[in-house]
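Visitor: I'd like to learn how the labels people put on a protein model are earned. Can you walk me through one?

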Amino acid sequence: MTSQVDQAEAVDGSDDEGRSGPASPPGARQRPAKPIRRLDRVIIRFAGDSGDGMQLTGDRFTSETASFGNDLSTLPNFPAEIRAPAGTLPGVSSFQLHFADHDILTPGDAPNVLVAMNPAALKANMADLPRGAEIIANTDEFTKRALAKVGYAADPLTDGSLEAYHLHRVPLTTLTLEALKDSGLARKDAERAKNMFALGLLSWMYHRPTHGTEAFLRQKFAKKPEIAEANILAFRAGWNFGETTEDFAVSYEVSPARLPEGTYRNISGNLALAYGLIAAGERSGLPLFLGSYPITPASDILHELSKHKNFGVRTFQAEDEIAGIGAALGAAFGGALGVTTTSGPGVALKSETIGLAVSLELPLLVVDIQRGGPSTGLPTKTEQADLLQAMFGRNGEAPVPIVAPATPADCFDAALEAARIAVTYRTPVFLLSDGYLANGSEPWRIPAVDELPSIAPEFATGPNREDGAFWPYQRDPQTLARPWAVPGTAGLEHRIGGIEKQDGTGNISYDPANHDFMVRTRQAKVDGITVPDLVVDDPSGEARVLVVGWGSTYGPITAAVRRVRADGGQVAQVHLRHLNPFPANLGAILKGYDRVIVPEMNLGQLALLLRAKYLVDAQSYNQVRGLPFKAAQLADVLTAAIGTLEEK
């Protein structure tokens, strides 16, 4: 186990500071207390078939961990197939949770504990397990047929191949059926509760609260109380098993983290983004309209926003991607905060309407939750490969600002920032999240309303010419934004459309000089967007290597930088939220270091932009595996770069 003290110590249910530990669930057997080992952090991975409920199990463990006060980070990992054959490697679903008594940044590189519900789950995850890790294996599923299906010639639970690990052989299915023998459920229904038995066991092992899970189960299965009670019985049985079995000699405790003062909740990236959009609507005073077509991994935003009509939110599930963005742009024309959500394949379909929004100069948020690609492949995996598509993926010169959140919780603030830019500058804005952020979660400090930025639409209210006329393309001299006139406002009748317009009047124009002027003006508007200067993280001021990241690489890069510095290395770090336009001081920063390294989950798209714009030798470090970087992997890259410079 990671960071455990050398000697286990018996405690009486409270910690050194006098805080009581989580209460045992009702029905727990009273036995002499087992020793408790203190840890500063733990990485747990639940893995099983996609029908084994691993995502629900991980989510419940995460929720209780958040309520306990630990800092945490999660990594759900779904099968790419809609329903892969049961018991096969492509069908393995996993959920990894890293929780600690201190600030953490990633879901962890390697699990300390693997819960393997079948042979496929074990085989699919063995490569990530460090020596000494604990394996809890459901022995009931390790049949000859199941072993052969994934290529095991012999049972790894008995052939000695797992001697480097702490193996716990637990017949989860049998124990669950025994616990539910009087429930009245059919055997098949009772077997489905084995994930709750595993959750109860892990909750005992790590002193997680239990009341929230029981309340959740009663609410989830409110219309089927017999199912709810069966799951609760299995959950309690798992807790009791940990308490009574001799196989688990100790339990573990991870104290709450010391987080900044405030009210916290656990939040995923998509949920934070949905809340950020609602907040943007409230702070701007605009009705929020979402026009969307369901697509993994963006659909959760549509699902969440559809619940909030009380905030003036209107959602439209369109028949296709083009209709979704068309409706959102129409809503923007009508004076609403128009939003469309999608992933990379949908962006390709929406590109013509995004170009229209650039020409109309209307505020529109295009939320792209990036996934593995191209085409429709790997829909549940993460990637950062849509940056160049967002930057250039339209016909003609059609510049669009780009904002990228760094963490799941940061999706809230990024949504507000994207809305501010769209409304202030009258332009569509790309918000580039990805599957890692969308499905991952972390603690989020709930902000007070007065902490949120104000967004002022400033609709046109009357004529803007001395002769009493209204020109729809007469620009604000500071922002170059054109007036936003709500249809139906008396005296503000104007012509609008996708064909090039005459400067000021908005009349259709084929004049070459006017077209050149309008194209350059739209580019100048984007280039002139005010974004904060970058602050370089370089404590010593003597680093020669700079690592540059964007989006979800923030966690792994920052964790890697911490490792390098802890080992005595000197490395500087900057992270980009604004990708178009870049911060004004970025060029000077890049040229101030001997080596610039850009880790990305693509083949070097940001590095390409940096090299082209600033003429610096930005060196890419790339992977496109559908998984986030590991901190140790990046730390080795940075250490090698530092060593190479020191040799010169």
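Guide: Sure! Let's start with strand β3 (residues 71-77), which is mostly covered: six of its seven residues are buried. Keep in mind that this is a predicted model.

Visitor: What makes β3 and strand β4 (residues 92-100) a pair?

Guide: Pairing takes at least two bridges. β3 and β4 have seven, and they run in the antiparallel sense. To see one spot in that pairing, look at T74, which stands opposite L97 in β4.

Visitor: Which sheet do β3 and β4 belong to?

Guide: An open sheet of six strands, in the order β3-β4-β2-β5-β6-β7, with mixed pairing. β3 and β7 (166-170) are called edge strands, as each pairs on one side only. From one strand to the next, the twist averages 15°.

Visitor: How do you know that strand β5 (residues 113-116) and strand β6 (residues 134-138) are joined?

Guide: Count the bridges again: there are four of them, and the two strands run parallel. The cut-off is at least two, so β5 and β6 pair. One contact to find on screen: V113 has E134 in β6 as its bridge partner.

Visitor: What is the strand order in the open sheet of seven strands?

Guide: It goes β11-β10-β12-β13-β15-β14-β19, and the pairing is mixed.

Visitor: Why do β11 (313-317) and β19 (578-580) stand at the edges?

Guide: Each has a single partner strand, so one side of each is left without a neighbour in the sheet. For β11, strand β10 (residues 288-292) pairs with it in the parallel sense over five bridges. Within that pairing, L290 stands opposite T315 in β11.

Visitor: On to helices. Why is α17 called oblique to α20?

Guide: The axes of helix α17 (residues 554-566) and helix α20 (residues 631-647) come within 8 Å and cross at roughly 55°. Roughly parallel would need an angle under 35 degrees, and roughly perpendicular starts at 65. The angle fits neither, so α17 counts as oblique to α20. The crossing of α17 and α20 is also right-handed.

Visitor: Which residues of α17 and α20 meet?

Guide: On the α17 side, P556, I557, A559, A560, V561, R563 and V564. On the α20 side, A631, A632, L634, A635, L638, T639 and I642. By class, that contact has twelve nonpolar residues, one polar and one charged.

Visitor: What makes α11 roughly parallel to α12?

Guide: Helix α11 (residues 321-333) and helix α12 (residues 344-360) pack at an angle of about 25°, with their axes 8 Å apart. Anything under 35 degrees counts as roughly parallel, so α11 gets that label against α12. α11 passes α12 in a right-handed crossing.

Visitor: Which residues of α11 and α12 meet?

Guide: From α11 there are E321, I322, G324, I325, G326 and L329. They meet G346, L349, K350, T353, I354, L356, A357 and L360 in α12. The residues of this contact divide into eight nonpolar, four polar and two charged.

Visitor: Is H207 buried or exposed, and how do you know?

Guide: Buried means under 20% relative accessible area. H207 has 14%, so it is buried. You'll find H207 in the loop between α6 (194-205) and α7 (211-220). Its phi is near 55°, a positive value in a residue other than glycine.

Visitor: And why does R426 count as buried?

Guide: R426 has 6% relative accessibility, and the cut-off is under 20%, so R426 counts as buried. R426 sits in the loop between α14 (410-425) and β15 (428-434). Phi of R426 is near 55°, again positive in a residue other than glycine.

Visitor: Why is G373 called partly exposed?

Guide: That label covers what lies between the buried limit of 20% and the exposed limit of 50%. G373 has a relative accessible area of 35%, so the label fits. G373 is in the loop between β13 (364-370) and α13 (387-392).

Visitor: Where are the cis peptide bonds of P297 and P581?

Guide: One joins T296 and P297, with omega about 5°, and P297 is in the loop between β10 and α10 (299-305). The other runs from N580 to P581, with omega near 0°, and P581 lies in the loop between β19 and α18 (586-590).

Notes. Residues numbered from 1 in each chain as written. Predicted model: local features only at pLDDT ≥ 70, side-chain atom pairs only at ≥ 80, totals over all residues. Heavy atoms only, no water. Axes fitted to C-alpha atoms, helices over the stretch in contact; angles between N-to-C directions. Helix = DSSP H or I, 4+ residues; strand = E, 2+ residues; numbered from the N terminus. Parallel < 35°, antiparallel > 145°, perpendicular 65-115°, else oblique. Left-handed = near helix turned anticlockwise from the far one by under 90°. Contact = heavy atoms within 4.5 Å. Nonpolar A, V, L, I, M, F, W, Y, C, P; charged D, E, K, R; others polar. Buried < 20%, exposed > 50% of the residue type's maximum accessible area, 1.4 Å probe, protein only.
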